[in-house]
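Trainee: I should like to understand how terms are assigned to parts of a protein structure. May we go through some examples together?

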Amino acid sequence: MILSSSRAAARLRLTLCSSRLQASCAGIREPIKVCASNSSTAGGGGGVPLAAQPTNTTTVRGAQEKWLQRFQSENIPEPETSISNIIAHVLELSGPGDVGDHQNSSLSEQQIRKIEEMCECRLARMPLQYIIREWDFRDLTLKMIPPVFIPRPETEELVELILQQMDSQKETFFLEIGSGSGAISLSILKHVPKSSGIAIDQSRLACELTRENAAAVGLDSRLRIFKHKLINDLPDTLADEQFDMIVSNPPYVPSVLLPTLEPEIKIYEDLRALDGGNDGLTVIKAILRIASKHLTKDGVLWLEVDISHPPVIEKFLAQHGDTMGLRFVASYKDLFQKDRFVEIVKSC
């Protein structure tokens, strides 16, 4: 089981990285251990000893050049983005775009140590979002913790589609299935002042993170959160609820493809947020059954799906939609011009 052994090794690296990042943030000095000593097993290239790298890291330029070269030599994805975000975070800049204005700034010993610790974790293929512990989603800055699923740019497009078709002055009661960090629900709540919602997720950590992010942006009073593993229906306490809208970015990766995912995903993120069963449709079909039962008349179901799924879902509803009271409306393309989003309406 290569996948499971890789995840076991990654849990050790994650523990080491996390403990050292926390110590660095607290200003505790400790020796820099090799967080990515086996980075090649996590998908990186050959390990280049730190001693062989340039040692002039006392300025922003020096640190940026050193780690950019190191990331490139070990085939770390998006090396410039990685080091720019790490430096911006350590210097407490407003964003990575500001790093260029500080190229000649001197770094303190504590800043150098913190940059090196974060970069070692990036060499271990830890996602950047987990390293800096936050990420922007549209106009929200949300806390990120492993292994809670990291929201993708495509999901920002899904939210944009939803907001374009919502009446911002209308009271809307919605359900999000699989909340993760809470990105979708919180974006809707922020831009639709009269909306309120319920978010469910099977992960305790995801529920806690959604709750924490909701409180941080002042939206917790309008969002209820439930830990629940979706099989056929909602938890008993929600059995009689009716929603104007249901939205979900559900697990849709076919199980057989999980081992082929990037190390950042298959090692560090919660695979339950990705595993869609044999055909990638297991959870999606469960959501369709829930929408059939819990959407109000003319209520809308929004889904983010695999690019192969829209015609399959359309065919499924052509066969079963009348019985379920659901009608396939349209699919929409993502920024890569791939059919990624599906709109379904409760017809009766």
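Mentor: The questions below concern this predicted model and the terms applied to some of its residues and helices.

Trainee: Why is Arg 125 called buried or exposed?

Mentor: The relative accessible area of Arg 125 is 3%. Buried means under 20%, so Arg 125 is called buried. Arg 125 belongs to the loop between helix H4 (109-123) and helix H5 (128-132).

Trainee: Why is Asn 75 called buried or exposed?

Mentor: For Asn 75 the relative accessible area is 54%. The term exposed requires over 50%, therefore Asn 75 is exposed. Its loop runs between helix H2 (60-73) and helix H3 (79-90).

Trainee: What makes the phi of Asn 75 worth noting?

Mentor: Most residues other than glycine have a negative phi. Asn 75, which is not glycine, has a positive phi near 60 degrees. Arg 125 also has a positive value, near 70 degrees.

Trainee: What kind of peptide bond joins Pro 146 and Pro 147, and how do you know?

Mentor: The bond is cis, with omega about 0 degrees. Pro 147 sits in the loop between strand S2 (140-143) and helix H6 (153-165).

Trainee: How do you describe the crossing of H10 and H11?

Mentor: The axes of helix H10 (residues 282-294) and helix H11 (residues 309-324) come within 12 Å and cross at roughly 35 degrees. The crossing is right-handed. Among the residues in contact are Leu 288 of H10 and Phe 316 of H11. The contact residues comprise five nonpolar, two polar and one charged.

Key: Residues are numbered from 1 along each chain as its sequence is written. This is a predicted model: local features need pLDDT of at least 70, side-chain atom pairs count only at pLDDT 80 or more; totals for chains, interfaces and linings use all residues. Side-chain values use heavy atoms; hydrogens and water are left out. Helices (H or I, at least four residues) and strands (E, at least two) are DSSP runs, numbered from the N terminus. Buried means under 20% relative accessible area, exposed over 50%, partly exposed in between (1.4 Å probe, protein chains only). Axes are lines fitted to C-alpha atoms, for helices over the stretch in contact, and angles run from 0 to 180 degrees between N-to-C directions. A crossing is left-handed if the near helix is turned anticlockwise from the far one by less than a right angle, and right-handed if clockwise. Contact means heavy atoms within 4.5 Å. Ala, Val, Leu, Ile, Met, Phe, Trp, Tyr, Cys and Pro count as nonpolar, Asp, Glu, Lys and Arg as charged, and the others, Gly among them, as polar.
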